[in-house]
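Biologist: Could you walk me through this model, starting from a single position and working outwards?
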Amino acid sequence: RVLFRSSETETASMRYVLVFARSGNLNAARSRVVTVAVKSASSLSIRERAANKGDVISGDLRGAGHNLRGRPVTLLERAAGTSNPWTTVATHKTNKGGYVQFRQNPTASTDYELAFAGGRYFDGCQSGVVTVTVS
């Protein structure tokens, strides 16, 4: 008899082992233990505000209902209104409140997005897009 649940959706990390009971001429067998890690969803907000020395692009990273501190968040940019590929601008870690900010001085209208690659316990995510218009 094999004890394994393959059609269920797990909400927490689980450890599995396959077991075969002795049957007729067949010996009993047992697999090694395998851990299936389940990651929690994460979310990343984005906002923009004008400041004295450029624009501040900031956001909040959350996961499992909490602020995620010390996690790397990347600022991406592309020409406003285009479907050009995103370009990495910089990466900063979130503070103890899950907050991160970047100071930018665009010379042309630019779309910005924040990205979190995820990690051991949390899935990656992207924010929405904000546009800084330069006239």
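Biologist: Is S58 buried or exposed?
Modeller: S58 counts as buried, because its relative accessibility is 5%, where buried means under 20% relative accessible area, exposed over 50% and partly exposed in between, with a 1.4 Å probe and protein chains only. Please keep in mind that this is a predicted model, in which local features need pLDDT of at least 70 and side-chain atom pairs count only at pLDDT 80 or more, while totals for chains, interfaces and linings use all residues. Residues are numbered from 1 along each chain as its sequence is written, and side-chain values use heavy atoms, with hydrogens and water left out.

Biologist: Where does S58 sit, and what does S58 touch?
Modeller: S58 is placed in strand β7, residues 54–63, strands being DSSP runs of E with at least two residues and helices runs of H or I with at least four, numbered from the N terminus. Leaving aside residues up to four places away in sequence, S58 touches S45, I46, R47, Y99, V100, Q101 and L114, a contact meaning heavy atoms within 4.5 Å.

Biologist: How many residues of β7 are buried?
Modeller: Eight of its 10 residues are buried, so β7 is largely enclosed by the rest of the structure.

Biologist: Which strands does β7 pair with, then?
Modeller: Two strands pair if DSSP finds at least two bridges between them. β7 runs antiparallel to β5 (residues 42–44), with three bridges, and to β6, with five. Six bridges join β7 to β11 (residues 99–104), also antiparallel, and two join β7 to β8 (residues 66–67), again antiparallel. As for individual partners, S43 is bridged to R62 in β7, R49 stands opposite V56, and D60 has Y99 in β11 as its bridge partner.

Biologist: What about the turns on either side of β7?
Modeller: β6 leads into β7 by a hairpin through two residues. β7 and β8 form a hairpin too, with two residues between them, and A64 in that turn has a positive phi of about 55°.

Biologist: Switching to charges, how many salt bridges are there?
Modeller: The count comes to two, taking a salt bridge as a side-chain nitrogen of Lys or Arg within 4 Å of a carboxyl oxygen of Asp or Glu. One of them joins D60 and R47, whose closest N and O atoms are 2.8 Å apart. D60 lies in β7 and R47 in β6 (residues 47–51), so the pair ties together parts that are 13 residues apart in sequence. D60 is partly exposed at 24% relative accessible area, and R47 is partly exposed at 34%.

Biologist: And which side chains meet at 3.8 Å, N to O?
Modeller: Those are the side chains of R78 and D111. This pair links distant parts of the chain, with R78 in β9 and D111 in β12 (residues 110–116), 33 residues apart. D111 counts as buried, at 5% relative accessibility.

Biologist: In what order do the strands of the open sheet run?
Modeller: Four strands form that open sheet, in the order β10-β9-β12-β13, with antiparallel pairing. β10 (87–93) and β13 (125–132) stand at the edges with a single partner strand each, so one side of each is left without a neighbour in the sheet.

Biologist: Last one: how many helices and strands does the whole chain have?
Modeller: The protein chain has zero helices and 13 strands, and buried residues make up 26% of its 135 residues. Its C-alpha atoms fill a box of roughly 80 × 35 × 20 Å along the principal axes.
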